[in-house]
Amino acid sequence: MSVIRLAVAVCLVAGAVGVAAVLRRRQHPAAPSQPTYGAPSQLDRSDFPAADIDWLVVVFTSATCHTCADVAAKARALASRHVAVHEAEFGTSRDLHRRYHIEAVPTVVLCDAHGVVRAGFLGPVSATDLWAAVAEAREPGSSPEPGLGAL
């Protein structure tokens, strides 16, 4: 009887090891963590020219980024007596990129007179979306998409 018990025990252990090996092969390794990029929620207006203008659009760019040039051109069209536009290119404004933890370009932020960021965009953005976000920030309820540029 003990030989039979031993044979059953060996079979059970071998079966458990086989099942564990199959399960281990089916497990997928955890995906590598993905970077998370974000826009600042507050700016110190004294870091930028035209600190006395009601609204400020800052475009964080890099000279090596072709999309950045397009976004910066679209943002420059927003400039008026009520809206200042500043391009912070990485090569010449590295300190601003570090200070505001800009890790991806283009990053566009719109802030009010107190430096509170009211809208922001990461990556390419259309001129229409930029205009709508500025209009909504300046006059709430004026845009058909009030959440545009929400961070």
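**Figure 1. Close-up of P106 in the loop between α3 and β3 (107-111).** In this predicted model, the peptide bond that leads from V105 to P106 is cis, with omega near 0 degrees. H101 is also found in the loop between α3 and β3. The phi of H101 is near 55 degrees, a positive value in a residue other than glycine. With a relative accessibility of 60%, H101 counts as exposed. As background to this view, most residues other than glycine have a negative phi, and most peptide bonds are trans.

**Figure 2. Close-up of A50, a residue with positive phi in the loop between α1 and β1.** The phi of A50 is about 60 degrees, although A50 is not a glycine. A50 is partly exposed, its relative accessible area being 30%.

**Figure 3. Close-up of the disulfide that joins C65 to C68.** The structure holds one disulfide, and the S to S distance between C65 and C68 is 2.4 Å. The link is right-handed, with 90 degrees about the S-S bond. Both partners lie under the 20% limit for a buried residue: C65 has a relative accessibility of 15%, and C68 has a relative accessible area of 1%. Why does C111 form no bond with C68? The sulfur of C111 is 19 Å from the closest cysteine sulfur, that of C68, and this is too far for a bond, because a disulfide requires the two sulfur atoms to be within 2.5 Å. C111 also counts as buried, with 0% relative accessibility.

**Figure 4. Close-up of the salt bridge between R99 and D47.** The side chains of R99 and D47 meet with an N to O distance of 2.8 Å. This pair links distant parts of the chain, 52 residues apart: R99 belongs to helix α3 (residues 94-99), whereas D47 lies in the loop between α1 (2-26) and β1 (55-61). R99 counts as partly exposed at 46% relative accessibility, and D47 likewise counts as partly exposed at 26%. Side chains of opposite charge can pair when their charged atoms come close. A search of the whole structure finds five salt bridges.

**Figure 5. Close-up of the salt bridge between E87 and R76.** The closest N and O atoms of E87 and R76 are 3.2 Å apart. The pair links distant parts of the chain, with E87 in strand β2 and R76 in helix α2 (residues 66-76), 11 residues apart. E87 is partly exposed, with a relative accessible area of 35%. R76 counts as partly exposed at 46% relative accessibility.

**Figure 6. Close-up of the salt bridge between R118 and D112.** An N to O distance of 2.7 Å separates the side chains of R118 and D112. Is each partner buried or partly exposed? R118 is partly exposed, with a relative accessible area of 48%, whereas D112 counts as buried at 7% relative accessibility. Elsewhere in the structure, salt bridges that share partners join D44, D47 and R99 into one network.

**Figure 7. Close-up of H86 and its surroundings in strand β2 (residues 83-89).** H86 is buried, with a relative accessible area of 18%. Which residues surround H86, leaving aside its neighbours within four places in sequence? H86 is in contact with F48, P49, L56, V57, V58, V59 and L96.

Technical notes
Residues numbered from 1 in each chain as written. Predicted model: local features only at pLDDT ≥ 70, side-chain atom pairs only at ≥ 80, totals over all residues. Heavy atoms only, no water. Buried < 20%, exposed > 50% of the residue type's maximum accessible area, 1.4 Å probe, protein only. Helix = DSSP H or I, 4+ residues; strand = E, 2+ residues; numbered from the N terminus. Contact = heavy atoms within 4.5 Å. Salt bridge = Lys/Arg side-chain N within 4 Å of Asp/Glu carboxyl O.
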